[in-house]
Every structure is written in structure tokens, then in C-alpha cells.
Amino acid sequence: MTVEDIEHHYSSGTLLERLNAALIDDGADPAHPTIEALAPYDQFHGRGMEATEEIAGMLSVAPTDRLLDIGSGIGGPARYMAHRFGCRVTGIDLTAEFCDVARHLTRLLALESQVGFELGNALSMPFPDASFDGAYSMNVSMNIADKAALYGEIRRVLKPGGWLMLSELAQGPGGPLDFPTPWAATGSSSFLSTPEETRRGLEAAGFEIVQFRDAAEDMKAYGARSKAMVERGEKPPHRAVQLIHGDAAVTAMRNTARGVAERRIVPVEILSRRRG
Ligand SMILES: C[S@@+](CC[C@H](N)C(=O)[O-])C[C@H]1O[C@@H](n2cnc3c(N)ncnc32)[C@H](O)[C@@H]1O
């Protein structure tokens with residue numbers, strides 16, 4: 001799987017146009033969006049804003065801290081963290097269209113003095129050693145085969161004692177996944193590790209595990225609430241997958257939900273700290 005394959009999976013060339021149309025349909029002004037109006041679209045991971053708020057609640061962040069968002073997408077989590085903690089956040093993502101839209105939305109929200117985005121690969125980041133107090137990554141590692149290289153590169157750019165929060169989908173015991181999923185059209189671009197492999201990989205790279213959460217029940221409850229909303233004729237709270245993948249989203253989301261229900265996919269939230 002190449003960088004071009006990943007970018008091809010996520011890019012359409014029409015994302016901003018479609019986002020603006022979706023905001024208008026919601027009754028929001030695309031020229032003056034709010035964090036709340038963007039939330040259904042700019043949190044491109046399971047449970048959307050609910051998961052971002054949850055991981056933020058597990059962190060301790062000072063306004064003077066510099067955070068790194070690895071695989072920052074269109075920047076919803078980065079803007080949320082900067083807004084909530086008053087800190088600075090740098091996002092890195094290898095999909096150019098996402099970085100462009102992320103910068104555009106950040107300007108509209110007047111957060112550009114706190115939040116910036118770099119086009120680049122998480123496996124080779126353009127930051128000096130020990131640049132960040134904390135790093136997080138939401139639903140990104142499933143696209144990265146070489147986890148040891150990823151954890152090593154994150155460790156390099158974190159200050160000693162800096163924290164890492166990984167929110168990702170792990171391979172469960174229930175069997176292989178069905179494709180497409182929101183992160184991969186086929187199995188050739190999907191690289192889930194088991195929770196135990198992730199734990200061992202982080203420890204081998206020099207991290208100490210602080211907290212390890214299985215979020216499957218939260219994911220199922222969120223899915224049930226979303227389904228009930230749709231049945232009542234309302235929009236579901238999380239619409240990022242439809243925005244990004246269009247018609248393919250329905251099957252991709254169904255495959256993920258079934259994977260979680262059958263323990264083929266285990267959503268995990270792992271807080272760790274760089275040793276020494
Ligand atoms: C499912 S999206 C999640 C985006 C964002 N974290 C969020 O939660 O809104 C996965 C993102 O990871 C990015 N990505 C995948 N592999 C990457 C890599 N090696 N380096 C940087 N970004 C990567 C993709 O471009 C995409 O934006």
C-alpha cells in the first residue's frame with residue numbers, strides 16, 4: 001500500500017463543495033461555521049464528537065502545551081482540543097485535500113494562531129525530536145502496516161514523559177473483516193493489530209501503558225441511538241463517512257458495525273506515556 005493509495009481512498013477533489021452543501025442543508029452558514037455545526041462532518045472516526053470529548057476527558061492538558069494530531073483529517077479533533085484546552089495543536093496528514101480543507105475551516109473559526117496542519121507522513125514527520133507535550137491519533141493506525149516505525153517516530157517527536165492517546169480499531173478474535181470499511185476499500189490497505197499486539201508494540205517502543213479501554217459497548221450504544229434517530233426521520237449525529245465516501249459509506253459503516261457486534265473489530269482507547 002502506497003501513500004498514493006491512501007490519498008486516493010480519502011480524496012475526491014470536491015470535499016469542500018459537498019461540506020458546504022451539507023451545512024446549508026442543516027441550516028448553517030458555511031462562511032461562518034461553528035464547532036458544533038461542523039461536528040457531524042469534521043470528526044472522521046467512530047462515534048464522532050462523542051469519542052473526541054471522551055478522549056479529551058482522559059487527558060490533562062495545559063494552555064502552554066503543544067499537541068500533535070497524527071492523521072488529522074479535516075481537523076475537527078485538533079480544533080476541538082485547541083478550543084477546549086487553549087493549547088496549540090499541529091496536525092499532520094498525508095491527504096492534501098484534507099489538509100487544505102482543515103486549514104480553511106480553521107481560518108473560518110479564527111483558530112489559526114493555535115492550530116496548524118502539515119502535509120506529511122506519520123512515519124517520517126517533519127518535526128525535531130522532543131517537540132510535543134502530547135500526541136493523539138484517532139482512527140489512523142489501521143492504514144499503517146509498520147506499527148513499530150509509527151510508534152518509534154511518535155516517541156521521537158514527544159518530550160520525555162509526554163503522553164500518547166491512540167483511539168483505533170483493533171483486530172478482534174471474531175474473524176476477518178468485511179470490506180469496504182471507512183478506512184479501506186479492500187483488505188490490502190487495512191492493517192489492524194490486536195489489542196495485545198498494540199500493547200506490546202507500544203511497550204517495546206518505550207511507552208508505558210496508563211489506561212487501556214475497550215469501547216465496543218459505547219460504539220454499539222451509539223449505533224443504536226443513531227439508528228433510532230434515522231428511523232424517526234432525523235439525521236444521524238455522525239455524517240462524516242457519508243460526506244467523505246458518498247454512496248460507498250452505507251456498506252462501509254454496516255461492515256464496521258457488524259464487525260464490532262461480532263468481535264471481529266474491537267474499538268480501543270489507549271493512553272500511554274513516553275518513558276525517559
Ligand atoms: C479515518 S481518517 C481520521 C481523520 C482524523 N483523525 C479524524 O478523526 O477526524 C484517517 C486519516 O489518516 C490519514 N493517514 C493515513 N495514513 C497516514 C500516514 N501514514 N500519515 C499521515 N496520515 C495518514 C488519512 O489521510 C486520513 O486523513
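## Two unusual backbone angles

Ala110 sits in the loop between helix H6 (96-108) and strand S3 (115-119). This is a predicted model. The phi angle of Ala110 is near 55°, a positive value in a residue other than glycine. Ala110 counts as exposed, because it has 8 C-beta neighbours inside 10 Å, and the cut-off for exposed is 12 or fewer.

Arg47 also has a positive phi, near 65°, and is a residue other than glycine. Its place is the loop between H3 and H4. Arg47 has 22 C-beta neighbours inside 10 Å, so it counts as buried. The cut-off for buried is 20 or more.

## A cis peptide bond

Phe179 and Pro180 are joined by a cis peptide bond. Omega there is about 5°. Pro180 lies in the loop between S5 and helix H8 (195-204).

## The buried side of H4

Helix H4 spans residues 48-57. Its buried residues are Gly48, Met49, Ala51, Thr52 and Ile55. They lie on the same side of H4, because they cover an arc of only 160° around the axis.

What do the buried residues of H4 pack against? Three of the partners are helices: H3 (35-42), H5 (76-85) and H10 (240-245). The others are strands: S4 (132-138), S5 (158-171) and S7 (265-274).

## Where H3 meets H5

Two packed helices are described by the angle between their axes and the distance between the axes. For H3 and H5, the axes come within 10 Å and cross at roughly 145°. The crossing is left-handed.

H3 brings Ile35, Leu38, Ala39 and Asp42 to this contact. H5 brings Gly76, Arg79, Tyr80 and His83. By class, the residues of the contact of H3 with H5 divide into 4 nonpolar, 2 polar and 2 charged.

## Around the ligand

Which residues come nearest to the ligand? They are Phe44, Gly71, Gly73, Thr95 and Ala122, out of 25 residues around the ligand. Three elements give two or more residues to this shell: helix H1 (3-10), H5 and strand S2 (88-93). H5 is thus named here as well as among the partners of H4.

The shell has 14 nonpolar residues and 10 polar ones. The charged class has 1 residue in the shell.

How values were computed. Residues are numbered from 1 along each chain as its sequence is written. This is a predicted model: local features need pLDDT of at least 70, side-chain atom pairs count only at pLDDT 80 or more; totals for chains, interfaces and linings use all residues. Helices (H or I, at least four residues) and strands (E, at least two) are DSSP runs, numbered from the N terminus. The arc is that of the directions from the helix axis to the C-beta atoms. Two residues are in contact if their C-beta atoms, placed from the backbone, lie within 7 Å. Axes are lines fitted to C-alpha atoms, for helices over the stretch in contact, and angles run from 0 to 180 degrees between N-to-C directions. A crossing is left-handed if the near helix is turned anticlockwise from the far one by less than a right angle, and right-handed if clockwise. Ala, Val, Leu, Ile, Met, Phe, Trp, Tyr, Cys and Pro count as nonpolar, Asp, Glu, Lys and Arg as charged, and the others, Gly among them, as polar. A residue is near a molecule or strand if its C-beta atom, placed from the backbone, lies within 6 Å of it.
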